[in-house]
Amino acid sequence: MEKPALSGQDRQAPLVRLERAGVSSGGRWLVRGVDLSVSPGEIVTLIGPNGSGKSTSAKMALGILKPSEGKAERKPGLKVGYVPQKLLVDWTLPLTVRRFMALTVKLPDARILAALERTGAAHLMRAEVRHLSGGELQRVLLARAIAVSPDLLVLDEPVQGVDYSGEIAIYELISRLRTEIGCGVLMISHDLHLVMAATDQVICLNGHVCCRGTPLVVSQSPAFLELFGHRAGAGIAVYQHNHDHVHLPDGRVRHADGTVSEDCAGEHCDAPHDHADQAHDHCAHLDQGHSHAHGESCGQGHSHDHSHHGHSRDQSGAPVKETADAR
Ligand SMILES: Nc1ncnc2c1ncn2[C@@H]1O[C@H](COP(=O)(O)OP(=O)(O)OP(=O)(O)O)[C@@H](O)[C@H]1O
């Protein structure tokens, strides 16, 4: 494994950086020419079809795979929390969440509980892992990843086996964890239908970097549309909330059309909170698992334009298969 080369105390320095990195195996390139960096507090999402090199790129970033060409650099002493795509667990054996959390890293119960509390899974501490639902398992895996107080979270398909509303809740959770912990996040998403708007950068792979940018830029990029078809571009939902009014410091309200009034009566907003962010990523009620159609009021005291729609997913019902927890 190569040595981390990033010089390190600057908090804004990238936690991890790939430069023109590629891996070849058995005489063929698995992925090539990958440039990416993740800084503290930043979320970078890798998308792309099956076999496009997402996991391979993440493994180069983690140091599990050494690039055959290009560079992979990590901040010295980098602590990584990893949610792998697949787990090596014998599901015929009883295994409680508590034991599972401490399988690869020795963790005191208090730390396990605190991590589970952060992901809304404290009540599952004594549950058997094999009995967890898809969403519960992902919360437990996230808890296990954050229990090591990571600088960087690497999440390989963190919403697999999770239904639509649960998927939004998990994205909300990841976004909140990033803010609370201040870690960087490198996320792999196979799902092209719902990309978290909190993502600072989406990198679309297809054996090489096909396009990159903000979620909206990528969803409209000709390379993305060519790769996935125009239907994917039309169906992709960037999960964001576009508030339709802004509460001004003097208490008045500026509406989407630029007019200003004394209040926001008629806009389903009885909570005088700040709506100034036009695409923020937090809406606590979504953690309770419900969702809204585009432009629909959430009925939770303020009005949103919820842009998550056009979604479908393959529900295998068997979120965890086998192999390779590289933590
Ligand atoms: N250890 C390996 N040896 C040889 N080939 C590999 C190895 N790991 C992955 N590959 C191949 O490399 C390519 C990229 O695989 P990778 O797992 O990175 O894709 P991915 O985008 O994460 O796919 P998926 O969405 O299906 O998980 C695939 O063609 C895969 O078969």
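1. Let's start at one residue and work outwards. Setting aside neighbours within four places in sequence, Leu95 is in contact with Val89, Phe100, Glu128 and Val129. Keep in mind as you look around that this is a predicted model.

2. Where does Leu95 sit? You will find Leu95 in the loop between strand S5 (80–83) and helix H2. One of its partners, Val129, is 34 residues away along the chain, yet the C-alpha atoms of Leu95 and Val129 are separated by 5.9 Å. Try finding this pair in the structure above.

3. Is Leu95 buried, exposed or partly exposed? Leu95 has 15 C-beta neighbours inside 10 Å, so Leu95 counts as partly exposed. To be called buried, a residue would need 20 or more such neighbours.

4. Now step back to the whole chain. Its secondary structure comes to 8 helices and 14 strands. Of the 327 residues in the chain, 42% are buried. Contacts between distant parts of the sequence are worth a look too: among contacts between residues at least 6 apart in sequence, 69% join residues at least 24 apart. The contact of Leu95 with Val129, whose positions are 34 residues apart, gives you an example to picture.

5. Helix H3 is a nice place to practise reading a helix. Which residues of H3 (residues 109–118) are buried? They are Ile112, Ala115 and Leu116. These three cover an arc of only 100 degrees around the axis, which puts them on the same side of H3. A general rule helps here: an α-helix has 3.6 residues a turn, so residues three or four places apart point the same way.

6. What covers that buried side? The cover over the buried residues of H3 includes helix H2 (97–101) and helix H4 (134–146). Just after H3, look for Gly120, which takes a positive phi of about 70 degrees.

7. H4 also has a helix partner of its own to examine. H4 and helix H5 (residues 164–181) pack at an angle of about 10 degrees, and their axes are 11 Å apart. That angle makes H4 roughly parallel to H5, since angles under 35 degrees count that way. The crossing of the two helices is right-handed.

8. Which residues make this contact? From H4 come Gly135, Gln138, Leu142 and Ile146, while H5 supplies Gly166, Ile170, Leu173, Leu177 and Ile181. Sorted by type, the residues of the contact of H4 with H5 divide into 6 nonpolar, 3 polar and no charged.

Methods:
Residues are numbered from 1 along each chain as its sequence is written. This is a predicted model: local features need pLDDT of at least 70, side-chain atom pairs count only at pLDDT 80 or more; totals for chains, interfaces and linings use all residues. A residue is buried if 20 or more other C-beta atoms lie within 10 Å of its own, exposed if 12 or fewer, and partly exposed in between; C-beta atoms are placed from the backbone. Helices (H or I, at least four residues) and strands (E, at least two) are DSSP runs, numbered from the N terminus. The arc is that of the directions from the helix axis to the C-beta atoms. Two residues are in contact if their C-beta atoms, placed from the backbone, lie within 7 Å. Axes are lines fitted to C-alpha atoms, for helices over the stretch in contact, and angles run from 0 to 180 degrees between N-to-C directions. Angles under 35 degrees count as roughly parallel, over 145 as roughly antiparallel, 65 to 115 as roughly perpendicular and the rest as oblique. A crossing is left-handed if the near helix is turned anticlockwise from the far one by less than a right angle, and right-handed if clockwise. Ala, Val, Leu, Ile, Met, Phe, Trp, Tyr, Cys and Pro count as nonpolar, Asp, Glu, Lys and Arg as charged, and the others, Gly among them, as polar.
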